[in-house]
Amino acid sequence: MIKEKDKEIEKLKEFINYLQLKNIKNLDMIIYMANFINDNTPYTKDTKELENEEGIRTVDFTVKYFERKSEE
């Protein structure tokens, strides 16, 4: 269980570093919006991009998904 928590902490640290590098403003609002999207979007094959390799939706995958969409 401790190893799982350590992995989760490392993923969160990587995500925080990613956000700091991107210089994202209003971080609290972005996290809130990503969580709202994750909680209210049904699981379908079309929303697979919102999930990590374990099939779990995370804030960082959701933020990166919409960043890619906005660049297209």
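## Chatting through a three-helix chain

The chain exposes about 6100 Å², and carbon and sulfur atoms supply 56% of that area (Shrake-Rupley method, 1.4 Å probe, with only the protein chains shown counting as cover for residues). This is a predicted model, where local features need pLDDT of at least 70, side-chain atom pairs count only at pLDDT 80 or more, and totals for chains, interfaces and linings use all residues. Residues are numbered from 1 along each chain as its sequence is written, and side-chain values use heavy atoms, leaving out hydrogens and water.

Colleague: What order do the elements of the chain run in, from the N terminus on?

Modeller: Helices (H or I, at least four residues) and strands (E, at least two) are DSSP runs, numbered from the N terminus. Here we get three helices and zero strands. So, going by those runs, the order reads α-α-α.

Colleague: Is Thr62 buried or exposed?

Modeller: Thr62 sits in helix H3, residues 59–71. Buried means under 20% relative accessible area, exposed over 50%, and partly exposed in between (1.4 Å probe, protein chains only). Thr62 has 1% relative accessibility, so Thr62 counts as buried.

Colleague: Which residues is Thr62 in contact with, leaving aside its neighbours within four places in sequence?

Modeller: Contact means heavy atoms within 4.5 Å. With those neighbours set aside, the list for Thr62 is Ala34, Ile37, Asn38 and Leu50.

Colleague: And Tyr32, what is its relative accessible area?

Modeller: Look for Tyr32 in helix H2, residues 27–40. Tyr32 is exposed, with a relative accessible area of 55%.
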